[in-house]
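Reader: I should like to go through this structure with you, one point at a time. Could you show me the sequence and the structure?

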Amino acid sequence: SEAAFWNPAGLARLPGSEIALQYSKTFASDNTVLAGYLDAKRLGVVGIAAYLVDYGGQEVLPGPGLPVGRISVKNLELLASYATELVSDLTIGLNYKLIQFRQDCSGECGTVRTTVGTTQGIDVGMQYAFGASDALRVGFAVRHAGFKLQLENKEQADPLPTRVALGIVYRLVLPRPADATDGLDARLLLDIQDAWGQYDNPEARLGLELGYGDVVRIRTGYAFLHSESAGPSVGVGFQFGRFSFDFARIFYSSSNFDEPVHISLRATL
C-alpha cells in the first residue's frame with residue numbers, strides 16, 4: 001500500500017538529515033530516485049531529488065535486415081522540497097518539480113525524430129497530529145498541479161495528472177517487558193485519492209505496519225484501484241545503525257503484467 005503520508009509535509013517529521021536511493025521495476029518502466037534531505041532544525045527541512053523513469057527502447061527497422069537506429073523514451077524530474085512546522089502539531093510542505101519527457105533516437109532514425117517536452121508542477125501538503133504522543137495523524141495533499149506538457153502544439157498539450165489525497169495514520173504502542181530497550185508498535189494507514197475536480201470515483205490504499213523500534217518493520221497492504229494494478233503488497237525494512245534497507249513487492253490482481261519490486265537504501269547523516 002502506498003504510504004498515507006508520502007507528501008511534502010512528512011519531511012518535517014524526519015529523524016534527521018538523510019540521503020536515499022530508491023529503485024522500482026514495473027511492467028511499464030524502471031524507476032530510480034536519488035534524494036537528499038537536510039534537517040535545518042527550527043527553519044524546517046529542505047530537500048532535493050532527481051527522478052528517472054526509463055520506459056526502455058525500441059529498434060528502428062525500416063525493412064528487412066539489421067536495425068539502423070534505436071529509440072529510447074524517458075521521463076526526468078528534478079524536485080526541490082521544503083517543509084516546516086507552523087504551530088505545534090501542524091506541518092506544511094511544498095515540492096517544486098521540473099518535469100521533462102524525452103524521446104531520443106540514435107543512429108539513422110528516418111522519420112522518427114527526437115522529441116522533448118518540459119513543464120513545471122508543484123505538490124502542496126499539510127498534516128496535523130492528534131494526541132499526547134501524536135498517535136493519530138491526518139494529512140491532505142494536492143499533487144502534480146502545474147502547466148500542461150506540450151510536445152507538438154498547445155492544442156495537443158497534455159495536462160498533468162493532478163490529484164487530491166487524504167491520508168490517515170494511527171500508531172499504537174504495544175505492551176513490552178520492563179527491561180526491553182525497544183518495544184513493538186503497529187501503524188494503520190489509509191490513503192484516499194481522486195482526480196482534481198472530480199471526487200466521484202476515489203481510489204483507496206490500506207496498509208498495516210508492525211515494527212520493533214526502528215530495527216525491523218514488516219508491512220502489508222491492499223490497493224483498491226480502478227485498474228488491473230489493484231492488489232495486495234508486502235514489504236520489510238531493516239535498520240543497521242545509520243543505514244536502512246526496505247524491500248516491497250506488489251501482487252497485481254491481474255496476471256497480465258509483471259509484478260513490481262521496490263527497493264530503498266537510506267543513510268542518516
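Author: The following exchange takes up confidence, strand pairing, a buried residue and a nonpolar core. This is a predicted model, in which local features need pLDDT of at least 70 and side-chain atom pairs count only at pLDDT 80 or more, whereas totals for chains, interfaces and linings use all residues. Residues are numbered from 1 along each chain as its sequence is written, and side-chain values use heavy atoms, with hydrogens and water left out.

Reader: Over which residues does pLDDT stay under 50?

Author: pLDDT is the predictor's confidence in each residue, from 0 to 100. The chain averages 86, and 92% of the residues score at least 70. Where pLDDT is low, the predicted coordinates should not be read in detail. That caution concerns the stretch with pLDDT under 50, residues 1-9.

Reader: How many bridges join strand E6 and strand E7?

Author: Strands (E, at least two residues) are DSSP runs, numbered from the N terminus, and two strands pair if DSSP finds at least two bridges between them. In the hairpin of E6 and E7, five residues lie between the strands, and Gly-131 takes a positive phi near 95°. Gly-121 has Gly-146 in E7 as its bridge partner. E6 (residues 115-130) and E7 (residues 136-146) pair in the antiparallel sense, and the number of bridges is nine.

Reader: Which residue in E8 stands opposite Val-142?

Author: E7 also pairs with strand E8 (residues 163-173), in the antiparallel sense and over eight bridges. The residue of E8 opposite Val-142 is Val-164.

Reader: Is Glu-209 buried or exposed?

Author: Glu-209 is found in strand E10 (residues 203-212). Its side chain makes polar contacts (N or O atoms within 3.5 Å, one able to donate a hydrogen and the other to accept it; residues adjacent in sequence count only through side-chain atoms) with the side chain of Arg-217 at 2.7 Å and that of Arg-219 at 2.6 Å. Buried means under 20% relative accessible area, exposed over 50%, and partly exposed in between (1.4 Å probe, protein chains only). Because its relative accessible area is 6%, Glu-209 is buried.

Reader: Which element gives the largest share of the largest nonpolar core?

Author: A nonpolar core is a set of buried Ala, Val, Leu, Ile, Met, Phe, Trp, Tyr and Cys residues joined through side-chain atoms within 4.5 Å. The largest one has six residues: Val-33, Ala-35, Tyr-37, Val-45, Ala-49 and Leu-79. Strand E2 (30-39) and strand E3 (45-60) are the elements that give two or more residues to this core. The largest share, three residues, comes from E2.

Key
Helices (H or I, at least four residues) and strands (E, at least two) are DSSP runs, numbered from the N terminus. Contact means heavy atoms within 4.5 Å.
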